[in-house]
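Dear colleague,

I am handing over the structure below, and I would be grateful if you could keep it open while reading the notes that follow it.

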Amino acid sequence: MNIFLQKKQINSKKILRICGSKSESNRLLLLQALFPSIHLENLSTSDDTKIMMEALKSPFETINIHHAGTAMRFLTAFFSIYEGKKTILTGSERMKERPIKILVEALQKLGAKIDYLEKEGFPPLQIIGKKMENNEVSLQANISSQYISALALIGGTFDNELKINLIGNCTSLPYIKMTLSLLEQIGITTSFRNNQIFIKKEKKIEPKTITIEPDWSSASYFYSLVALSNVGTSIFLPSFKENSLQGDKKLVEIYDFFGVKTIFNKNGIEIIKKSEPKSSFFSYNMTDTPDIAQTISVTCVGLGIDCHLTELHTLKIKETDRLSALQNELQKLGQIVKITENEIFINSQKILENIEIDTYNDHRMAMAFASLFPKVSIVIKNKEVVSKSYPNFWKDLASLID
């Protein structure tokens with residue numbers, strides 16, 4: 001089903017409640033499965049988190065995680081240490097094209113029994129859960145931080161301290177730090193120094209309640225919407241923290257360039273359009289924040305700003321090839337776009353009206369392009385894809401223009 005967004009300014013000084021972070025929720029659900037004394041509040045309502053919850057409790061041998069990439073990586077590690085349990089992890093046709101070899105090889109070096117059922121290096125996987133025999137592993141750090149997080153999350157169950165050696169520069173480093181911080185919160189000692197991660201075994205985890213912060217990635221679409229609105233437009237987002245674990249908190253820094261200020265108080269954040277952008281060209285290294293690349297690209301186009309974003313190689317293995325998808329849809333809007341394996345260059349032009357945006361079964365494509373409606377009327381195809389991370393997105397968006 002498509003949705004038509006008519007050109008319109010949003011109402012100022014609105015309050016919008018965003019559910020818990022998908023990234024934090026999925027990590028903590030795995031930890032809760034390993035250490036049941038943990039109690040979680042404000043879990044994400046996303047499809048990915050629901051899939052993670054169902055998979056962790058599933059009595060069945062075959063588990064289909066559909067498009068949920070985080071679940072595929074985390075559950076591969078989880079079921080590897082689930083002694084005596086045979087699990088077949090499968091997913092959508094796109095999931096079967098998303099590489100997982102680096103994680104599988106790392107787990108196999110630790111002693112895991114994992115076999116590919118179709119194509120070498122890709123799901124579906126057959127996993128026979130067993131006790132790990134080794135406690136040290138090395139892997140490339142510049143592919144996906146989720147491989148590293150998956151290993152770290154199970155580290156507290158090893159008989160001896162788990163040592164993870166990282167080769168090269170880390171992609172999405174804040175997500176690795178988030179994982180380690182969550183381990184520390186539940187009582188597992190970690191350290192990260194000189195490209196080495198250490199996870200100590202913890203015999204007993206004391207009962208505790210963890211309240212999950214709202215999702216900064218979801219907030220990005222409203223940062224974009226405010227940036228594309230009139231000066232003075234503001235939205236209040238409750239419960240966001242200044243000391244957030246989430247890497248996408250860099251929105252505060254990034255959107256300051258676009259004239260959007262973030263005001264923190266004890267109850268959350270106010271994002272307010274204070275001025276026009278600082279210049280007509282924006283360049284940024286996205287190593288730590290690749291998930292908001294689509295949002296920033298659309299913001300630049302909406303503001304008529306030329307854009308150069310780098311370190312986007314991980315976008316090639318997401319729900320779709322996000323770089324190619326961005327190029328295709330921005331060109332439909334009349335923009336001049338060039339991509340490489342890890343960069344996007346946008347020469348902003350006058351935006352064409354009433355264009356239908358394909359979403360490629362990718363939630364972030366739909367939500368990123370939706371923020372253009374203060375500038376032009378636009379059609380977003382297959383609007384239901386947003387449920388992967390933000391089921392209430394269209395309802396929340398509508399509340400801003402009532």
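How are α1 and α2 oriented to each other, roughly parallel or roughly antiparallel? Before the answer, please bear in mind that this is a predicted model. Helix α1, residues 22-34, packs against helix α2, residues 47-57, at an angle of about 10°, and their axes are 9 Å apart. Angles under 35 degrees count as roughly parallel, and α1 and α2 are therefore roughly parallel to each other. On the α1 side the contact is formed by Lys 22, Ser 25, Asn 26, Leu 29, Leu 30 and Ala 33, which meet Asp 48, Thr 49, Met 52, Met 53 and Leu 56 in α2. Sorted by class, the residues of this contact are 6 nonpolar, 3 polar and 2 charged. As background to the spacing of such positions, an α-helix has 3.6 residues a turn, so residues three or four places apart point the same way.

Two further helix pairs have α9 as a partner, and I describe them together. The axes of α7 and α9 come within 10 Å and cross at roughly 5°, and the two helices are therefore roughly parallel to each other. Here Ser 220, Tyr 221, Ser 224 and Ala 227 of α7 touch Thr 295, Thr 299 and Leu 303 of α9, a contact that divides into 3 nonpolar, 4 polar and no charged residues. Helix α9 (residues 293-303) also packs with helix α11 (residues 363-370), at an angle of about 25° and with the axes 8 Å apart; these two are therefore roughly parallel as well, and α9 passes α11 in a right-handed crossing. The residues that make this contact are Gln 294, Thr 295 and Val 298 of α9, together with Arg 364, Met 365, Ala 368 and Phe 369 of α11, and by class they are 4 nonpolar, 2 polar and 1 charged. Thr 295 of α9 thus takes part in the contact with α7 and in the contact with α11.

Turning to the interior, the largest nonpolar core has 70 residues, of which Phe 222 and Phe 258 touch the most other members. Helix α7 (residues 216-227) supplies the largest share of this core, with 8 residues. Once neighbours within four places in sequence are set aside, Phe 222 is in contact with Leu 16, Ile 18, Ile 235, Ile 271, Tyr 390, Phe 393, Asp 396, Leu 397 and Leu 400. Apart from this core lies another, of 65 residues, which includes Ile 63, Phe 74, Ala 141 and Phe 158. In soluble globular proteins, nonpolar side chains tend to be buried together.

Burial is also a feature of helix α5 (residues 145-154), where 10 of the 10 residues are buried, so the helix is largely enclosed by the rest of the structure. Among these buried residues are the polar-named Ser 145, Gln 146 and Ser 149, as well as Tyr 147, Ile 148 and Leu 151. Gln 246, in the loop between β13 (234-238) and α8 (251-257), is buried too, with a relative accessible area of 7%. Not counting residues up to four places away in sequence, Gln 246 touches Ser 21, Glu 24, Met 178, Glu 213, Pro 214, Asp 215, Trp 216 and Ser 217.

Lys 338, by contrast, counts as exposed, at 53% relative accessibility. This lysine lies in strand β18 (residues 336-339) and, leaving aside neighbours within four places in sequence, is in contact with Gln 327, Glu 343, Ile 344 and Phe 345. From C-alpha to C-alpha, Lys 338 and Leu 323 are 9.5 Å apart in space, with their positions 15 residues apart in sequence.

Finally, some points of backbone geometry may deserve a look. Most residues other than glycine have a negative phi, and most peptide bonds are trans. The peptide bond from Pro 123 to Pro 124 is cis, with omega near 5°, and Pro 124 is found in the loop between β6 (113-116) and β7 (125-128). Asn 354, which is not a glycine, has a positive phi of about 60°; this residue sits in the loop between β19 (344-347) and β20 (355-357) and counts as partly exposed, at 47% relative accessibility. Tyr 360 likewise has a positive phi, of about 55°, without being a glycine. Its place is in the loop between β20 and α11, and at 28% relative accessibility Tyr 360 counts as partly exposed.

With kind regards

Key. Residues numbered from 1 in each chain as written. Predicted model: local features only at pLDDT ≥ 70, side-chain atom pairs only at ≥ 80, totals over all residues. Heavy atoms only, no water. Axes fitted to C-alpha atoms, helices over the stretch in contact; angles between N-to-C directions. Helix = DSSP H or I, 4+ residues; strand = E, 2+ residues; numbered from the N terminus. Parallel < 35°, antiparallel > 145°, perpendicular 65-115°, else oblique. Left-handed = near helix turned anticlockwise from the far one by under 90°. Contact = heavy atoms within 4.5 Å. Nonpolar A, V, L, I, M, F, W, Y, C, P; charged D, E, K, R; others polar. Core = buried A, V, L, I, M, F, W, Y, C linked by side-chain atoms within 4.5 Å. Buried < 20%, exposed > 50% of the residue type's maximum accessible area, 1.4 Å probe, protein only.
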